[in-house]
Amino acid sequence: MRKKKEAPLLENVLIEDYAAEGKSLARVNGKVIFVEGAVPGDVVDVQLQKNKADWGEGFVKKFHTYSPIRVKPFCTHFGVCGGCQWQMLPYEQQLVYKHKQVFDNLTRIAKIPLPVIPPILGAKETQGYRNKVEYTFATEKFIPFEEFKAMKAAGLEPTKSIGAGGFHARGFFEKVVEIDTCYLQSEPTNEIRKTAVQFAIENEMPFYNIKQHQGWLRNMFIRNTTKGEWMVNIILGYDGGEKREALLNLFLKKFPQITTLLYTINEKRNDSMQDLVPQVYFGTGYITEALENFDFKISPKSFFQTNSKQAESLYQVTRSFAELTGKEVVYDLYCGTGSIGIFCSKEAKKIIGVEVVADAIEDAKENARINNLAHTAFFAGDVINICDDAFFETHGKPDVIITDPPRAGMHDKLVKKLLEIQAPLIVYVSCNPATQARDLSLLGEKYTVTKIQPVDMFPHTLHIENVVQLKRTDLL
């Protein structure tokens with residue numbers, strides 16, 4: 001059998017620049033090397049994982065010197081849980097690289113004329129900013145490689161834990177990084193999770209084992225709002241009877257902040273919530289969030305932007321780019337629970353929302369009712385099928401189209417549909433500037449990019465939102 005060739009180790013490599021998607025860039029003998037876990041200014045040894053003719057990809061094997069721009073991460077789990085890739089960078093520098101990510105994607109992929117990209121809108125709060133966190137419970141506790149080696153060297157045998165609560169370990173679907181303190185959501189989020197772990201151990205209730213598809217304590221969603229409301233939904237592998245009731249009562253006793261408490265029984269192998277029915281144990285079964293003067297109902301399966309304060313900034317940019325005067329028919333595509341359209345509603349003649357997820361459309365209708373909006377209408381289905389001549393005859397052709405697709409961007413059939421509709425103005429909200437750039441290139445057939453504004457929704461991560469205004473070229 002042919003022996004597998006060992007991947008090269010590159011020594012004393014200077015990291016020169018930020019590339020994208022959390023990777024940095026170096027050049028070795030004219031070859032571009034993408035490196036994970038490093039920042040510009042680091043000098044490292046790189047263990048290659050991919051080694052092509054003109055490029056390579058790898059991870060840091062050893063640090064020789066650290067970049068002067070590095071700072072000490074505030075979380076003890078940094079580098080292990082994988083949730084915050086950029087804590088080793090000061091926030092101001094994170095914004096620099098995110099701005100660069102937008103610029104690079106739009107110039108290299110879109111290859112269309114672009115206006116000046118203004119500074120990114122950074123977040124005022126860089127900790128405790130998330131309004132939703134999902135925790136996982138499992139029998140398998142993740143032990144970092146260096147810790148594992150040290151235990152072995154000391155003659156200790158790593159043992160399987162009774163159970164752990166935290167986040168999925170990157171690359172290990174069955175293992176969980178046991179979290180002490182996560183700084184992404186404000187307290188009492190960590191104490192609620194620890195209470196569930198302690199209860200299960202003390203009452204000998206088994207943690208979920210994904211390989212064996214056995215166990216009781218499985219997942220937990222914790223959501224909160226700027227109005228001070230808290231929702232906890234505990235996901236169990238089976239009911240548990242008195243034990244389930246005792247855990248829920250313990251939550252209510254220890255955490256008076258909880259305004260809605262639910263439990264969900266998941267007997268499936270996958271963690272998807274869409275086909276499950278959460279049971280209300282306490283409260284209304286939902287919480288409400290306020291953005292400006294609008295209220296939004298958030299049910300346990302509702303989608304809502306996970307940074308409420310920055311969502312307000314993102315939607316303000318979107319509304320500004322729409323240039324509404326009160327006379328416009330606005331189509332909100334990928335409208336979800338209607339938040340963007342509702343946010344723009346007071347300055348529009350009519351809001352038409354379209355979303356493929358039927359449950360989200362029901363939430364959108366409810367949110368419109370809560371805000372006493374009579375000039376909105378929401379439809380479940382594919383835009384390509386819904387927006388035909390008969391639909392336009394009934395609801396009017398759009399003066400403004402707002403589109404906020406998932407990370408994969410817009411389907412090419414939808415791009416063609418937008419080119420066919422020929423609305424005078426499009427506002428494209430994106431959580432992935434790379435796929436946004438691809439779509440902008442296609443829209444360039446009839447549209448010109450007139451404004452751009454990046455918004456940082458997720459400090460300490462590589463994710464970035466970007467809002468683009470496009471106007472029909474023949475109208476300029």
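## Helix H1

In this predicted model, helix H1 covers residues 91-110, 20 residues in total. From its first C-alpha to its last, H1 reaches 28 Å. That is close to the 28 Å expected at 1.5 Å a residue.

Buried positions recur along H1. They are Tyr 91, Gln 94, Leu 95, Tyr 97, Lys 98, Gln 101, Val 102, Asp 104, Asn 105, Leu 106 and Ala 110. Their cover includes strand S2 (17-20), helix H11 (433-443), S22 and S23. Just after H1 comes Lys 111, with a positive phi of about 55°.

## Helix H5

Helix H5 holds 15 residues, 308-322. At 1.5 Å a residue, H5 should span 21 Å, and its end C-alpha atoms are 21 Å apart, so the two agree.

H5 is mostly covered, with eleven of its 15 residues buried. The buried set is Ser 308, Gln 310, Ala 311, Ser 313, Leu 314, Tyr 315, Val 317, Thr 318, Arg 319, Phe 321 and Ala 322. These residues pack against one helix, H6 (339-344), and against several strands. The strands are S15 (287-291), S20 (400-403), S21 (425-430), S22 (447-455) and S23 (465-472). S22 and S23 also help to cover the buried residues of H1. After H5 comes Glu 323, whose phi is positive, near 50°.

## Strand S4 and its partners

In a regular strand the side chains alternate between the two faces of the sheet. Strand S4 (residues 31-36) shows this alternation. Lys 31, Ile 33 and Val 35 point to one face and are buried. Val 32, Phe 34 and Glu 36 point to the other face and are not buried.

S4 pairs with strand S3 (residues 23-28) and with strand S6 (residues 55-65). S3 and S4 run antiparallel and are joined by six bridges. Arg 27 has Val 32 of S4 as its bridge partner. The hairpin of S3 and S4 leaves two residues between the strands, and Asn 29 there takes a positive phi near 55°. S4 and S6 run parallel, with five bridges between them. Ile 33, on the buried face of S4, has Gly 56 of S6 as its bridge partner.

## The largest cavity

The structure holds three cavities of 30 Å³ or more. The largest contains about 100 Å³ of space. Its lining has 14 residues, and those closest to the centre are Thr 136, Phe 137, His 168, Tyr 208 and Ile 210.

Three elements give two or more residues each to this lining: strand S7 (132-138), strand S10 (172-178) and strand S11 (217-224). S7 supplies the largest share, three residues. By class, the lining of the largest cavity is mixed: five nonpolar, five polar and four charged residues.

## The second largest cavity

The second largest cavity has a volume of about 40 Å³. Its lining consists of Tyr 18, Gly 22, Lys 23, Ser 24, Ala 38, Val 39, Pro 40, Trp 86, Leu 89 and Tyr 97. Seven of these lining residues are nonpolar, two are polar and one is charged.

This lining also touches on elements described above. Tyr 97 is one of the buried residues of H1 and also lines the second largest cavity. Lys 23 and Ser 24 are lining residues too, and strand S3 spans residues 23-28.

Notes. Residues are numbered from 1 along each chain as its sequence is written. This is a predicted model: local features need pLDDT of at least 70, side-chain atom pairs count only at pLDDT 80 or more; totals for chains, interfaces and linings use all residues. Side-chain values use heavy atoms; hydrogens and water are left out. Helices (H or I, at least four residues) and strands (E, at least two) are DSSP runs, numbered from the N terminus. The expected span of a helix is 1.5 Å times one less than its number of residues. Buried means under 20% relative accessible area, exposed over 50%, partly exposed in between (1.4 Å probe, protein chains only). Contact means heavy atoms within 4.5 Å. On a 1 Å grid over the protein atoms alone, a cavity is a set of points where a 1.4 Å probe fits but cannot get out, and a pocket is an open set with protein on both sides within 12 Å along at least five of seven lines; lining residues have an atom within 4 Å of a point. Grid points are joined across faces, edges and corners, and a volume is the space filled by probe spheres set on the points. Ala, Val, Leu, Ile, Met, Phe, Trp, Tyr, Cys and Pro count as nonpolar, Asp, Glu, Lys and Arg as charged, and the others, Gly among them, as polar. Two strands pair if DSSP finds at least two bridges between them.
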